[in-house]
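Biologist: Please take a close look at the biggest open space in this model, and then at the helices and the unusual backbone spots in the rest of the chain.

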Amino acid sequence: MRVLLLGGSNAGVYFGWAAQLQGLMPEHEITNMFLGAVGSLYGLARLQEAERREQAPPDLVVFEYALNDIILLDAGFATAALVHDALSSVAQHCAERGVPLLFLCLRPRPTGRARVSSQVRRIERIYRGVARARAMARCVTLEAILGRERAEDFVDAHHLTAEASRRCAEVVAKIISSGEIPVPRVDRSHTPIFDYVPAAAARAQGRCRNVDIVSTVFSGAFLEIARPGSSHWPGRGRLAGLLLRSTHESGVFRIAAGGRAYARTAQSSMREIVPNLILLHYSRRRPWADFDLEVAMPDDASALAALPEEKTLLPAEPGTPFAEQTLQIAGVMFWRPSFWRRWLAFLRLRLGS
């Protein structure tokens with residue numbers, strides 16, 4: 001059986017649950033497509049990009065982004081509506097292709113902070129609600145695996161110990177071996193909510209070039225934009241995120257859509273751990289685009305500095321002079337939220353809780 005694992009950094013560390021699952025189930029072809037510091041929106045983008053590349057769907061998807069969704073919600077980079085819509089779209093994607101789907105819901109290390117505990121409950125309620133609405137297998141939660149939360153089950157704020165990871169892997173392996181993970185139920189009223197638009201679809205102007213990146217976490221075509229250069233992206237909806245590669249040369253860029261423009265940086269302090277970091281940058285402003293999204297590297301430093309700033313997760317100062325900075329972008333994610341869909345989902349969650 002071909003099993004696709006989509007998860008965060010707990011799926012990427014050498015002693016994590018994904019590596020241990022591969023050791024427990026050598027008879028299966030297990031592909032681990034993890035990426036840390038991103039949430040369920042990135043998992044959906046990976047599924048949509050695989051479809052665009054005409055890759056054969058797997059026989060099973062194990063989806064582990066709850067912990068990162070909690071972190072992003074707490075930091076203000078995700079919303080409950082965004083997480084719900086992303087998970088619903090993941091379930092619909094798998095349902096339409098006949099692929100069983102299992103949600104593995106990890107949590108950050110318990111801190112006793114009421115706000116974080118509240119975000120944990122909110123995210124797990126969304127995961128359970130989507131799984132229940134789509135007649136999926138019960139979500140595999142960390143509480144069900146380990147029982148009472150204990151700080152000693154974590155090596156840091158966000159990563160499980162090898163022993164706790166082993167117990168996660170054993171539970172997931174047992175569920176997979178049972179053969180009782182169903183295909184999600186198709187929602188006949190579901191309309192496309194998200195569009196992942198790759199760099200190949202963008203129209204480039206000025207100092208731009210196409211580059212192919214091969215890495216352990218993501219391989220594909222990126223558009224590299226130098227100053228002055230720009231890119232124009234087809235698509236309609238709110239800008240939910242941009243898939244960027246942060247290098248030493250990455251710098252400040254401009255985003256414009258719907259008559260609004262702002263500046264943000266592609267530089268991240270996480271490069272201290274991963275020098276060439278691929279990351280989905282969530283948009284907090286989420287401007288509405290109607291085939292007018294522009295991502296650019298202007299050469300007027302004062303005009304760029306005068307724009308409103310779009311905050312990023314763990315930003316850092318650029319490492320090269322302004323004129324030498326570049327931007328490498330693989331794709332963007334558009335989101336078309338609906339008040340009525342959100343209201344209906346809220347009712348379902350309330351009635352099912």
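Modeller: The largest pocket of this predicted model has a volume of about 730 Å³. Its lining is made up of 27 residues, and those nearest the centre of the pocket are Ser9, Gly36, Ala37, His159 and Met270. Two elements, α3 and β12 (277-282), each give two or more residues to the lining of the largest pocket. By residue class, that lining divides into 17 nonpolar, nine polar and one charged.

Since α3 contributes to the pocket lining, its packing is a natural next step. Helix α3 covers residues 66-75 and packs with helix α5, residues 114-133, at an angle of about 130 degrees; the two axes are 9 Å apart. At an angle of about 130 degrees, α3 and α5 are therefore oblique to each other. The crossing in which α3 passes α5 is right-handed. On the α3 side the contact is formed by Ala66, Asp69, Ile70, Leu73 and Asp74, and these meet Arg115, Val116, Gln119, Val120, Arg122, Ile123 and Tyr127 of α5. Sorted by class, the residues of this contact of α3 with α5 come to seven nonpolar, one polar and four charged.

A second helix pair is α1, residues 17-24, with α7, residues 162-178. Their axes lie 8 Å apart and make an angle of about 50 degrees. The helices α1 and α7 are therefore oblique to each other, and their crossing is right-handed. From α1, the residues Trp17, Gln20, Leu21 and Leu24 take part. They meet Ala162, Ser165, Arg166, Cys168, Ala169, Glu170, Val172, Ala173 and Ile176 in α7. The contact of α1 with α7 divides into nine nonpolar, two polar and two charged residues.

The third pair is α2, residues 40-52, and α4, residues 80-96, which pack at an angle of about 30 degrees with axes 9 Å apart. Here α2 passes α4 in a left-handed crossing. Ser40, Leu41, Leu44, Leu47, Gln48 and Glu51 in α2 face a set in α4 that they meet: Val83, Ala86, Leu87, Ser89, Val90 and His93. In the contact of α2 with α4, seven residues are nonpolar, four polar and one charged.

That leaves the backbone. Arginine 227 and proline 228 are joined by a cis peptide bond, with omega about -10 degrees. Proline 228 is part of strand β8, which runs over residues 220-233. Another spot to inspect is phenylalanine 291: although not a glycine, phenylalanine 291 has a positive phi of about 60 degrees. Phenylalanine 291 sits in the loop between β13 (288-290) and β14 (293-297).

Technical notes. Residues numbered from 1 in each chain as written. Predicted model: local features only at pLDDT ≥ 70, side-chain atom pairs only at ≥ 80, totals over all residues. Heavy atoms only, no water. Axes fitted to C-alpha atoms, helices over the stretch in contact; angles between N-to-C directions. Helix = DSSP H or I, 4+ residues; strand = E, 2+ residues; numbered from the N terminus. Parallel < 35°, antiparallel > 145°, perpendicular 65-115°, else oblique. Left-handed = near helix turned anticlockwise from the far one by under 90°. Contact = heavy atoms within 4.5 Å. Nonpolar A, V, L, I, M, F, W, Y, C, P; charged D, E, K, R; others polar. 1 Å grid on protein atoms, 1.4 Å probe; cavity = no way out; pocket = protein on both sides within 12 Å on 5 of 7 lines; lining within 4 Å. Points joined across faces, edges and corners; volume = space filled by probe spheres on them.
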